Amino acid sequence: MAVDRSLSVAATVCAAVCLGLIFFTHTSSTTDLQAVMTSGPMITSGPMITRSVAVGAERFRLNNLSPQEGSKKNKKRLGRGYSAGKGGSCGRGMRGQNSRSGGGVRTGFEGGQTPLYRRLPKYPGKPMGPGHSYTRYGVIKLDYLNQMPDNSVVDFPALKEARVMTDTKERIHKVLGNGELTAKGLTVRAHAVSDSARAAIEANGGKVELLNKYKHFSYEKKEKKPLHPRNKKNIEAHKQQAKNRAK
């Protein structure tokens, strides 16, 4: 009986030791969430640095990166047969306005009902809807003209060269009657002039020259190239050719 008891105690102790070893190896091999990184010397004064990735997990690297499954889809190939998925009518249907080439409706069209840009209240200076346009000018004030010499030709390049104004994103400019004009005999060249500014300029013996309101206007005058002799607009060349034929 004593021998049997000693054997049972020894078996119990062995089983407990084996279970402890299994638990220790399992916790240390599956994850190192609480394990300290031992790549360098141990630092006891600072906070503990632990890993947050399982030991056997694959890490993200440049050679194993890939997009999320289902996030990338191949583009539908239209008109390449029914086996491609969009053959025949190419997904537009058989009839209707949107099935025609160049079909569709303009922006803002709502099928005939009163569109949104007509239902909303209108405010001055803020055009809305198709067919409306708003011309934006670079502003030239009368105060700027006072810094130019009398009896001179004034336009935006002259004001810019005199460092009265800086460059503007608008290509066309308008003179506004802000301030009081003291310079006399100015010839002001601009694309638009307000009534008060025109009256002030003419009252001081000046005059206004209006420029064309081109979308891509340029103050620099380009030299015209001579016409080709075969050009129909070259009248002198045609006359010379006629004289040569008569001879």
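Over which residues does pLDDT stay under 50?

**View 1. A stretch with low confidence.** Welcome to this predicted model, where local features need pLDDT of at least 70 and side-chain atom pairs count only at pLDDT 80 or more, while totals for chains, interfaces and linings use all residues. Residues are numbered from 1 along each chain as its sequence is written, and side-chain values use heavy atoms, with hydrogens and water left out. The stretch to look for is residues 26-43, where pLDDT (the predictor's confidence in each residue, from 0 to 100) stays under 50. For these residues the model has 20 contacts (heavy atoms within 4.5 Å) beyond four places in sequence. Where pLDDT is low, the predicted coordinates should not be read in detail. The chain averages a pLDDT of 79, and 74% of the residues score at least 70.

**View 2. Strand S4 and its partners.** Strands here are DSSP runs (E, at least two residues), numbered from the N terminus. From S4 (residues 187-190), Thr-187 and Arg-189 point one way and Val-188 and Ala-190 the other. All four are buried, meaning under 20% relative accessible area with a 1.4 Å probe, protein chains only. In a regular strand the side chains alternate between the two faces of the sheet. Strands pair if DSSP finds at least two bridges between them: S2 (residues 153-154) and S4 pair in the parallel sense over two bridges, with Val-188 as the bridge partner of Val-154. S4 also runs parallel to S6 (residues 207-210), joined by four bridges; here Leu-210 is the bridge partner of Ala-190.

Note on methods: Buried < 20%, exposed > 50% of the residue type's maximum accessible area, 1.4 Å probe, protein only.
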